[in-house]
Amino acid sequence: MADRPRFGPAGIPPLFKILGARLSDIPRLLREEGLDAFEYQAVRWGQKPQMKQEDAESLGSEARKNDVLLSLHGSYYVNLCGKKEVVEASKRRLVACATAAQWMGAYVVVFHMGFYGRVEKSYAFRNCVNALKDVVATMNSLGIQNVKLGPETMGRVFQVGSLDEILTICEEVEQTQLAIDWSHLHARHQGQFRKVDDFRAVVEEVERRLGTEAARNMHCHFSKIEYTDKGERRHHVLDAARYGPDFEMLAEVIADFKMRPVIICETPILDVDAIKMRDIFRRVTKG
Ligand SMILES: [Zn+2]
């Protein structure tokens, strides 16, 4: 949970990699750029943490030293409404991610819930809710109490993760964190965000369902996005004028509602666009 709007990249910026930076160097390099959040990408993880505990801990201590708030993007290989074996393996993958998140002090594991498949949507969704409750119970039995689970809004119509589904999970499952991927919603609904009021409507709906504090503390993903009739196709840089949504509109709503979200940039140029978003937000709040 952030104390102010925070901005950072989804994963290690390309330039840092070219410079040969180690994982523990990332928080300092981000601070030097004036960024204050970082989402570690555990997106290819299996059923065990794929990093050493000491590496996670040193990332965590450097992050605290440099005032960088950590989150962790969980494994893509999660489907909480598939066949029983798939669901069980998915639960173990989420627990592995939560374990590493606890090591590094990441406040949330953001993840994708899965696919409706051939079954009724509402049935698939119920399976997700139940599986998620099991994951929270396992986390608690392992003493993982400072990490929340953040299922995110998804960009394709066959993926579980409409706004309503995500809000329902936050209502029904303990230890969850609201995670809104604005670009995914934009793609899922064929260009949902065309004016400031379209963003405002989402925040108002969150307030109505989860309360003002949850709305202020949402975890966000943002990028420009290209879509087809099935939803998300590709993420684009912030300057890609032919694609939406427009970050400036969201920035206005963040200022209006006195929100303090963590905003993770998912464009191909990560930190460069995170800086751009931070500057847009500063400009909007000054003006
Ligand atoms: Zn994601």
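## Close-up views of the predicted model

**View A. K84 is an exposed residue, with a relative accessibility of 60%.** Exposed stands for over 50% relative accessible area, buried for under 20%, and partly exposed for the range in between (1.4 Å probe, protein chains only). This is a predicted model in which local features need pLDDT of at least 70 and side-chain atom pairs pLDDT 80 or more, while totals for chains, interfaces and linings use all residues. Residues are numbered from 1 along each chain as its sequence is written, and side-chain values use heavy atoms, without hydrogens or water. The side chain of K84 forms a salt bridge with that of E88, at 3.8 Å from N to O. A salt bridge here is a Lys or Arg side-chain nitrogen within 4 Å of an Asp or Glu carboxyl oxygen. Both residues belong to helix α4 (residues 84–104), and because K84 and E88 are four residues apart, about one helical turn separates them. Helices (H or I, at least four residues) and strands (E, at least two) are DSSP runs, numbered from the N terminus. E88 has a relative accessibility of 27% and is partly exposed.

**View B. A salt bridge joins E205 and R208 in helix α8.** The closest N and O atoms of E205 and R208 are 3.1 Å apart. Helix α8 covers residues 196–210, and the three-residue spacing of E205 and R208 places them about one helical turn apart. E205 is partly exposed, at 23% relative accessible area, whereas R208 is exposed, at 63%.

**View C. R233 and E226 meet through their side chains.** Their salt bridge has an N to O distance of 3.2 Å. E226 is buried, with 11% relative accessibility, while R233 is partly exposed, with 48%. E226 falls within β8 (224–228), and R233 falls within strand β9 (residues 231–236). These two strands form a hairpin with two residues between them. The pairing of β8 and β9 is antiparallel and runs over five bridges; strands count as paired if DSSP finds at least two bridges between them. Within the hairpin, Y227 stands opposite E232 of β9.

**View D. Several charged residues are linked in a salt-bridge network.** The network takes in D3, R4, R6, D36 and D67. In total, the structure holds 28 salt bridges.

**View E. Three residues coordinate the zinc ion.** The donor atoms come from H73 (NE2), H112 (NE2) and E152 (OE), at 1.9 to 2.2 Å. Donors are N, O and S atoms within 2.8 Å of the metal (3.2 Å for Na, K and Ca); water is not among the atoms, so sites may look incomplete. Along the sequence the donor residues follow the spacing H-x38-H-x39-E. H73 is part of strand β3 (residues 69–73) and H112 is in the loop between β4 (108–111) and α5 (121–141), so this pair ties together parts 39 residues apart in sequence. Both histidines, H73 and H112, are buried.

**View F. Four parallel strands make up an open sheet.** The strand order is β2-β3-β4-β5. At the edges are β2 (37–41) and β5 (148–151), each of which pairs on one side only. From one strand to the next, the twist averages 30°. Five bridges connect β2 and β3 in the parallel sense, and E39 has S71 of β3 as its bridge partner. Helix α5 lies across β4 and β5, at about 160° to β5. Such angles run from 0 to 180 degrees between N-to-C directions of axes fitted to C-alpha atoms, for helices over the stretch in contact.

**View G. S223 is a buried loop residue, at 0% relative accessibility.** Its loop lies between β7 (219–222) and β8. The S223 side chain makes a polar contact of 2.6 Å with the side chain of H235. A polar contact pairs N or O atoms within 3.5 Å; within protein, one must be able to donate a hydrogen and the other to accept it, and residues adjacent in sequence count only if both atoms are side-chain atoms. Leaving aside residues up to four places away in sequence, S223 touches S183, H235, H236, G244, P245, E266 and T267, where contact means heavy atoms within 4.5 Å.

**View H. S24 occupies the loop between α1 (14–18) and α2 (26–32).** With 19% relative accessibility, S24 counts as buried. S24 touches S58 and E62, again not counting residues up to four places away in sequence.
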